[in-house]
Amino acid sequence: MRKLLVSVFFVLGLSSNAQTIQLPAPDLNSSSKSFFQVLSQRKSERSFSNIVINDATLSTILWSACGINRPEEKKITAPSAINAQDILVYVCRADGAYLYHPIDNTLEKVSDLDLRKAVAGNQTFAAEAPVSLIMVSDGVKFRHGNAETIGMIDAGYVSENICLACTALGLATVPRMSMDKETLKKELHLTDKQILILNNPIGFPK
Ligand SMILES: Cc1cc2nc3c(=O)[nH]c(=O)nc-3n(C[C@H](O)[C@H](O)[C@H](O)COP(=O)(O)O)c2cc1C
């Protein structure tokens, strides 16, 4: 009996671990481009090779998006109204969809489905990218004011950080409002207050 319980515990433990990926630390020395070179080169690109983006590179992009840059205050790379830190970043790739947790630098699996076609919506080129990041504003963070408008502004900062990180790393991306919001809301298990705002498909340029 004890053996059985241990085996069940082990299997459950393994499967729960499989739902959370610990990302490698972001590599803040992975680009030799200066800040102004990055600004000079930033552009929207809509053509992606199918070369996989590894977790080390993904970690660096996610940290740039809204990772912790002042650990003592738990503050992040992107500004946000009243420091609400309302933007949730979801990672969609072939092996499923994940929610990024900046504090522990982990990805929590929220779906086994490949949702990249839903992210692409009617712009099929976007489904070719190996990774798509989605910015969702969590309206519960705002008790007063127009949560949706503030969320859009906060998402813009995060998306721009992603654009600049991709340029620094030689990756292609484009900020997009187009996406199949109905499917994504359902499959990412979003509440009515969690608003899908922008996405960035990311890949090596074709
Ligand atoms: C808020 C916002 C929404 C956008 N939505 C889309 C989109 O749905 N699809 C797309 O292909 N590009 C989208 N873009 C990218 C713009 O078309 C692009 O930034 C613009 O043409 C200027 O080109 P550049 O980024 O190369 O300077 C969006 C850009 C912004 C800022």
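Let me begin with a definition: helices here are DSSP runs of H or I with at least four residues, numbered from the N terminus. With that in hand, F35 is found in helix 2, which covers residues 35-41.

Before going further, a word on the basis of what I will say. What you have in front of you is a predicted model, in which local features need pLDDT of at least 70 and side-chain atom pairs count only at pLDDT 80 or more, while totals for chains, interfaces and linings use all residues. Residues are numbered from 1 along each chain as its sequence is written, and side-chain values use heavy atoms, with hydrogens and water left out.

Staying with F35, which residues join it in a nonpolar surface patch? The partners are F36 and L39, and the three together make a patch of about 350 Å². Patches are built from residues with over 30% relative accessible area and no salt bridge, nonpolar side chains (Val, Leu, Ile, Met, Phe, Trp, Tyr) being joined within 5 Å and like charges within 9 Å; the areas come from the Shrake-Rupley method with a 1.4 Å probe, and for residues only the protein chains shown count as cover. F36 has 61% relative accessibility and counts as exposed, where exposed means over 50%, buried under 20%, and partly exposed in between (1.4 Å probe, protein chains only).

Rings of Phe, Tyr and Trp (its six-membered ring) pair if their centres lie within 6.5 Å, with planes under 30 degrees apart called stacked, over 60 edge-to-face, and the rest tilted. By this rule there is one aromatic pair. The rings of F35 and F36 have centres 5.3 Å apart and planes at 75°, so this pair is edge-to-face.

Let me turn to charged side chains. A salt bridge is taken as a side-chain nitrogen of Lys or Arg within 4 Å of a carboxyl oxygen of Asp or Glu, and by this rule the count comes to six.

How far apart are the closest N and O atoms of K185 and D192? They lie 2.4 Å apart; K185 is partly exposed at 31%, and D192, at 64% relative accessibility, is exposed.

For D112 and K109 the corresponding separation is 3.1 Å, with D112 exposed at 59% and K109 buried at 18%. K186 and E187 also form a salt bridge, their closest N and O atoms being 3.2 Å apart, and here K186 is exposed at 59%, whereas E187 is buried at 17%.

Finally, D55, R93 and D95 are linked in a network of salt bridges.

Notes
Helix = DSSP H or I, 4+ residues; strand = E, 2+ residues; numbered from the N terminus.
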